[in-house]
Each structure stands twice: as C-alpha cells, then as structure tokens.
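Q: Please take a close look at a single part of this model, centred on one charged pair and its surroundings. Then work outward from there.

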Amino acid sequence: MKTILLVVGVFAGIAATHVSIQENEGAITYEVKVNMHRNLPAERQEMKSMMPEYNSSDYQLFFNSRESLYKPIEEEPEPDPEAGEGGMRIRIRRPKSEIYVHPGTTKRIALEEFMGKKYLIEDTLRMRPWKIGSESMEIHGYPCRKATLFDEQRKMNIVAWYSDQFRPFLGPENFNTLPGAVLLVDINDGERLIAAKTIELRPLGKNEMKIPHSKNR
C-alpha cells in the first residue's frame, strides 16, 4: 500500500512540475566514477597496485520536451603516467551502451554491448519506489531535492539528487523516473558516483537525438 501511494505521489508531483516549468532542451554531461578497490577480495589486494582506484568515464544526456538519449562520450585513450616505462597497469573498459526514453509512450530502448556484440532491448519505462525527502542542496546553480531507494535485488543503497527546474523523467542510466532531472547519484556511499559536470540549455544538433538501432536492423 505504501508503494502504491508513493508512486501516485510521484505522478502527482510530475503533473504539478510539468505545468510550472518551461519546455527546454539541451545536454547534460555526467562523469561516472567507479571505485575499483572497494570490492576487491582479501586475496586480491595486491591488484591495487596494478589498477587505478577509480575508473572514470563521461556520458551525455541529450533531451528535449518529449524524449532523451543517454550515451557515452567517445574518447581516445591516454597514456597512463603511473604505469612507468615497461610497467603493467590494468585498464578497465566499460561496455558501451545507449538508452533512449520517451516518457509520453513509456517507451525505453537500450543498445547494450556484450562480448563484443550489440543487442537492442525494447522495454517500457518502469516506476521505482523512490522515497523523496526534505533535504535540499544546489548543483550547478539548480536547487535539488534528495530521493533514496534500496535495490533489493542488487543490494544497493541509492541516493539521487534531482532538480524540478527541468521536465520530469530525465536522468542517467535507469535513474530517470523522478519529477525532474537527476544531477547526482551516489550508490553504496561512494562505491559508484554519477555526477553532472556541465549543463547546457541549447537547441539540439541534427544528429544528437537518434533512436538506438543495431547494425543489422
């Protein structure tokens, strides 16, 4: 019953927010930062010297009043100064993925890479049982509210900060079911962080909002 009431409350907040904000479009750049040392087992502690403590990558969320597309920013690999001449240093390559969301039709299309192959997954946008608190803070000049969630299946404590100065259902990865734009996500107290680096309100370029599709489609 509590979950049902929460979902209804979120939808009510979304409706109220949608009336109060202007339609806008633009791009949000996020840094995704993963602590590689956090979950190393005791017998693998020597690997800390062979890998960076944090693995970071940048993603962009393109959005307009109807849809959004979240995708990685392609970057050329840079030499690792800590590896030293002739030294070995482990680099973690994260699988590429794109997520397209159209809240009006609850459509969600994800392009996922696995074992060198790309797969297209079409699904519906699913509400999550967020608990919206009273705490607030400012991120890049935008007032944000705190929302929390415990993912029972993955055993993750999730803290998200979102701003209702944007339209609802905006955010990185699967964190896109709050009444605004999610600008910061903290998973398991720093184990994984997704933080907005820049926010641009501007017209989108011709090729910036493309629905993902596989090569053989």
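**A charged pair and its setting**

A: Asp 151 counts as buried, at 13% relative accessibility (buried is under 20% relative accessible area, exposed over 50%, partly exposed in between, with a 1.4 Å probe and protein chains only). The model is predicted: local features need pLDDT of at least 70, side-chain atom pairs count only at pLDDT 80 or more, and totals for chains, interfaces and linings use all residues. Residues are numbered from 1 along each chain as its sequence is written, and side-chain values use heavy atoms, without hydrogens or water.

The partner of Asp 151 is Arg 128: the two form a salt bridge, with the closest N and O atoms 3.4 Å apart (a side-chain nitrogen of Lys or Arg within 4 Å of a carboxyl oxygen of Asp or Glu). This pair links distant parts of the chain. Asp 151 sits in strand S8, while Arg 128 is in the loop between S6 and strand S7 (131–139), 23 residues away. Strands here are DSSP runs of E, at least two residues long, and helices are runs of H or I, at least four long, both numbered from the N terminus. Arg 128 is buried too, because its relative accessibility is 19%.

Which residues touch Ile 158, beyond its neighbours within four places in sequence? Both members of the pair are among them: Arg 128 and Asp 151. The others are Trp 130, Ala 147, Thr 148, Leu 149, Phe 175, Val 185, Asp 186 and Ile 187 (contact means heavy atoms within 4.5 Å).

Ile 158 also brings in the nonpolar interior. It belongs to the largest nonpolar core, which has 35 residues (buried Ala, Val, Leu, Ile, Met, Phe, Trp, Tyr and Cys joined through side-chain atoms within 4.5 Å). Ile 28, Tyr 30, Tyr 70, Trp 130, Ile 158 and Leu 183 touch the most other members. Seven strands each give two or more residues to this core: S1 (26–35), S2 (54–63), S4 (97–102), S8 (142–151), S9 (156–163), S10 (181–187) and S11 (192–201). Apart from it lies another core, of seven residues, including Ala 27, Phe 62, Tyr 100 and Met 209.

Val 182 gives a second view of the interior. It is found in strand S10. Its relative accessible area is 0%, so it is buried. Its C-alpha atom is 6.6 Å from that of Ala 160, a residue 22 places away along the chain. Leaving out residues up to four places away, Val 182 touches Tyr 30, Ala 160, Trp 161, Tyr 162, Leu 170, Gly 171, Pro 172 and Phe 175.

Polar side chains are buried in other strands as well. Thr 29 lies in strand S1. It is buried, with 9% relative accessible area. A polar contact of 3.4 Å joins its side chain to that of Gln 60 (a pair of N or O atoms within 3.5 Å; within protein, one must be able to donate a hydrogen and the other to accept it, and residues adjacent in sequence count only if both atoms are side-chain atoms). Outside its neighbours within four places, Thr 29 is in contact with Tyr 59, Gln 60, Ile 73, Ala 195, Ala 196, Lys 197 and Thr 198. Lys 197 has a polar partner of its own: its side chain meets that of Asp 58 at 3.0 Å. Asp 58 belongs to strand S2. At 14% relative accessibility, Asp 58 is buried.

Back to charged pairs. The structure holds eight salt bridges. In one of them, Glu 135 pairs with Lys 146, the closest N and O atoms being 3.9 Å apart. Glu 135 lies in strand S7 and Lys 146 in strand S8, so this pair ties together parts 11 residues apart in sequence. Glu 135 is partly exposed, at 40% relative accessible area. Lys 146 is partly exposed as well, at 21%. Glu 208 forms another bridge, with Arg 202, at 2.9 Å between the closest N and O atoms. Glu 200 joins these two in a network of salt bridges.

Finally, the whole chain. It has one helix and 11 strands. Buried residues make up 39% of its 217 residues. Among contacts between residues at least 6 apart in sequence, 57% join residues at least 24 apart.
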